[in-house]
Amino acid sequence: MKINFFLIFTIFLGFNVSAQTAFTFPDGVYMTHEQLRNRTPAFNTELNIIERSTGDVFLSGGNPYKFESKSDSLDKEFIKKEMYAYVKNDSLFINCKHHKLQSWYTLALTSGNFIVFYSAVSTGRMIRNSTLVSAGGAIGGALSSGYYDYHVLSLRTGNAKELNKEYIKGRLKEYPDLLAEYELEKKQSRIEVLLKYIDKLNEVTDPFSEAPPLKK
């Protein structure tokens, strides 16, 4: 698990660090999307951050991080099901359960209106995509079989969607010059290209702006 996620995080080293650090969230527990969008945590508390083992994730499903209260002031079910997000030292952990992407938390990989994260897919999608590894396999096999994927949480709408070419094109329609630039890319579905345009979108999109209406 640690090796897989380390490799994922290295993808982001070449991206705009100043843009990432300019948009930060205060430490604490966020109970709603509105609190996260407004950067106003409900309260602050010290939680132990636990990276789940490969075996735990493989057998039980869900996402790579969970938390435990240091003082027993918050019970496990509250942390697992009720909390929307947790921030510690500028690291944003998203509770994927609220986005129907299985239980527990994953780490945000970008900052700004469009928050990219790598998480377990929905149970229904996992079954549809399933070429799941055998009982003796490792989580790396599950990753390659469609168990994990990149998603994007939009602060201005609260919606979490799969990060793909269609998503990027839909968002770039607000910015014709950027869309034209993207259309010239030879490998539009490559994750490096998708993340490049997420960064560009975060530079120009205000989380408090109105999202354009969906076309019917």
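This briefing describes how three helices and a three-stranded sheet are arranged in the structure above. The model is predicted, and its protein chain contains 10 helices and 9 strands. Of the 216 residues in the protein chain, 45% count as buried. Among the contacts that link residues at least 6 apart in sequence, 58% join residues at least 24 apart.

**Helix H8 against helix H10**

- Helix H8, which covers residues 165-172, packs on helix H10, which covers residues 191-204, at an angle of about 25 degrees and with the two axes 10 Å apart.
- Because angles under 35 degrees count as roughly parallel, H8 is described as roughly parallel to H10, and the crossing of these two helices is left-handed.
- On the H8 side the contact involves Lys165, Tyr167, Ile168, Arg171 and Leu172, and these meet Leu194, Tyr197, Ile198 and Leu201 on the H10 side.
- By residue class, the contact of H8 with H10 divides into 7 nonpolar and 2 charged residues, with no polar ones.

**Helix H8 against helix H9**

- H8 also packs against helix H9, residues 176-183, at an angle of about 150 degrees, and here the axes lie 8 Å apart.
- Because angles over 145 degrees count as roughly antiparallel, H8 is described as roughly antiparallel to H9.
- The residues of H8 that make this contact are Lys165, Ile168, Lys169 and Leu172, while H9 contributes Pro176, Leu178, Leu179, Tyr182 and Glu183.
- The contact of H8 with H9 divides into 6 nonpolar and 3 charged residues, and again no polar residue is counted.

**Helix H9 against helix H10**

- H9 and H10 pack at an angle of about 170 degrees, with their axes 12 Å apart, and they are therefore roughly antiparallel to each other.
- From H9, the residues Leu178, Glu181 and Tyr182 meet Val193, Leu194, Lys196, Tyr197, Lys200 and Val204 of H10.
- In this contact of H9 with H10 there are 6 nonpolar residues, 3 charged residues and no polar residues.

**The sheet E7-E8-E9**

- An open sheet is formed by 3 strands in the order E7-E8-E9, and their pairing is antiparallel.
- Strand E7 (114-120) and strand E9 (160-162) each have a single partner strand and stand at the edges, so one side of each is left without a neighbour in the sheet.
- Neighbouring strands in this sheet are turned against each other by 35 degrees on average, with direction ignored.
- In general, the strands of a sheet pair through backbone hydrogen bonds, and they do so in either a parallel or an antiparallel manner.
- E7 and strand E8, the latter spanning residues 148-154, run antiparallel and are joined by 7 bridges; one bridge partnership involves Tyr118, whose partner in E8 is Tyr150.

**Helix H10 on the sheet, and Ser154**

- H10, the helix that also packs against H8 and H9, lies across E7 and E8 and runs at about 145 degrees to E7.
- Ser154 is found in strand E8, and this residue is buried because its relative accessible area is 4%, which falls under the 20% cut-off.
- When neighbours within four places in sequence are left aside, the residues in contact with Ser154 are His33, Asn113, Phe114, Asn159 and Tyr167.
- Two of the residues named for Ser154 also appear within elements described above, in that Phe114 falls in the range of strand E7 (114-120) and Tyr167 is one of the residues of H8 that meet H10.

Notes: Residues numbered from 1 in each chain as written. Predicted model: local features only at pLDDT ≥ 70, side-chain atom pairs only at ≥ 80, totals over all residues. Heavy atoms only, no water. Axes fitted to C-alpha atoms, helices over the stretch in contact; angles between N-to-C directions. Helix = DSSP H or I, 4+ residues; strand = E, 2+ residues; numbered from the N terminus. Parallel < 35°, antiparallel > 145°, perpendicular 65-115°, else oblique. Left-handed = near helix turned anticlockwise from the far one by under 90°. Contact = heavy atoms within 4.5 Å. Nonpolar A, V, L, I, M, F, W, Y, C, P; charged D, E, K, R; others polar. Pairing = 2+ DSSP bridges. Buried < 20%, exposed > 50% of the residue type's maximum accessible area, 1.4 Å probe, protein only.
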